[in-house]
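Me: I've got a fold open here and I'd like to talk it through with you. Can we take it piece by piece?

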Amino acid sequence: MTDTLTIRAARPDDARLLWEWRNAPDVRSVSLDSDPIPFEQHREWYERSLVSADRDILIAEIESSPAAMVRFDHDIDASTVSIVLASAIRGRGIARQILTSAIRTLRSRPPTLRAFIKPENAPSLALFQGMGFEIVKHGDPLVLEMTTQE
């Protein structure tokens with residue numbers, strides 16, 4: 001990839017854009033909860049999320065334009081990671097670089113990263129497995145984990 005990729009913390013003014021990304025029909029279809037998200041519900045969740053010590057929301061920008069959101073929900077032994085790409089960048093082969101860069105910017109590195117992925121979400125499954133995540137529980141969703149300590 002020759003485009004400039006930067007990772008930054010989410011800001012209050014990202015709320016509507018992230019809501020639009022999260023509500024895209026192709027995103028909802030592979031989300032654990034496939035129901036559309038009302039904006040007011042998203043806004044309240046987002047405002048709480050921005051100040052939570054247990055959640056990091058990062059925005060990947062390509063050439064200074066928002067391209068993806070990577071979220072980490074932290075608990076004692078693991079951080080659950082999720083990623084949403086803007087429709088314009090899907091299929092360009094840069095999700096791995098975005099996710100790798102986001103992981104590197106975490107304030108503290110948890111011992112384990114975890115992802116919950118619907119079995120039919122082949123692109124996400126390939127992304128996470130390609131980065132070294134392993135399936136630790138089969139079902140719907142699949143649970144994948146990667147140890148971050150060396």
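Me: Which residues of helix 4 are buried?
Reply: Bear in mind that this is a predicted model. Helix 4 covers residues 95-104, and buried here means under 20% relative accessible area. The ones that qualify are Ala95, Ile98, Leu99, Ser101, Ala102 and Ile103.

Me: And what covers those buried residues of helix 4?
Reply: Strands do a good part of it, including strand 1 (5-9), strand 2 (55-62), strand 3 (65-74), strand 4 (79-85) and strand 5 (112-117). The cover also includes a helix, residues 122-130, and that one is helix 5.

Me: Which strands stand at the edges of the sheet?
Reply: The sheet is open, has 7 strands with mixed pairing, and runs in the order 1-2-3-4-5-7-6. A strand at the edge has a single partner strand, so one side of it is left without a neighbour in the sheet; that holds for strand 1 and strand 6 (134-137).

Me: How many bridges does strand 3 make with strand 2, and how many with strand 4?
Reply: Both pairings are antiparallel: strand 2 with strand 3, and strand 3 with strand 4. On the strand 2 side, Glu61 sits opposite Pro66 and Arg55 has Asp73 as its bridge partner. On the strand 4 side, Phe72 faces Val81. The counts are 8 bridges with strand 2 and 7 with strand 4.

Me: Which residue in the turn between strand 2 and strand 3 has a positive phi?
Reply: These two strands form a hairpin with 2 residues between them. In that turn, phi is positive at about 50 degrees for Glu63.

Me: Is strand 3 mostly covered or mostly open?
Reply: Strand 3 has 10 residues, and 7 of them are buried. That makes strand 3 mostly covered.

Me: At the other end of the sheet order, which residue is the bridge partner of Ile135?
Reply: Strand 6 and strand 7 (residues 142-147) run antiparallel, joined by 3 bridges. Their hairpin has 4 residues between the strands, with Gly139 at a positive phi near 140 degrees. Looking across to strand 7, the partner of Ile135 is Leu144.

Me: Why does Phe116 count as partly exposed?
Reply: Phe116 lies in strand 5. Contacts from further along the chain, leaving out residues up to four places away, are with Leu32, Thr80, Pro141, Leu142 and Val143. Partly exposed is the range between under 20% (buried) and over 50% (exposed), and Phe116 falls there because its relative accessibility is 36%.

Me: Are helix 1 and helix 3 roughly parallel or oblique to each other?
Reply: Their axes come within 10 Å and cross at roughly 120 degrees, in terms of N-to-C direction. Roughly perpendicular ends at 115 and roughly antiparallel starts over 145. Helix 1 and helix 3 are therefore oblique.

Me: What is the make-up of the contact between helix 1 and helix 3?
Reply: Helix 1 brings Ala15, Arg16, Leu18, Trp19 and Arg22. Helix 3 brings Phe39, His42, Trp45 and Tyr46. Sorted by type, that contact has 6 nonpolar, 1 polar and 2 charged residues.

Terms used
Residues numbered from 1 in each chain as written. Predicted model: local features only at pLDDT ≥ 70, side-chain atom pairs only at ≥ 80, totals over all residues. Heavy atoms only, no water. Buried < 20%, exposed > 50% of the residue type's maximum accessible area, 1.4 Å probe, protein only. Contact = heavy atoms within 4.5 Å. Pairing = 2+ DSSP bridges. Axes fitted to C-alpha atoms, helices over the stretch in contact; angles between N-to-C directions. Parallel < 35°, antiparallel > 145°, perpendicular 65-115°, else oblique. Nonpolar A, V, L, I, M, F, W, Y, C, P; charged D, E, K, R; others polar.
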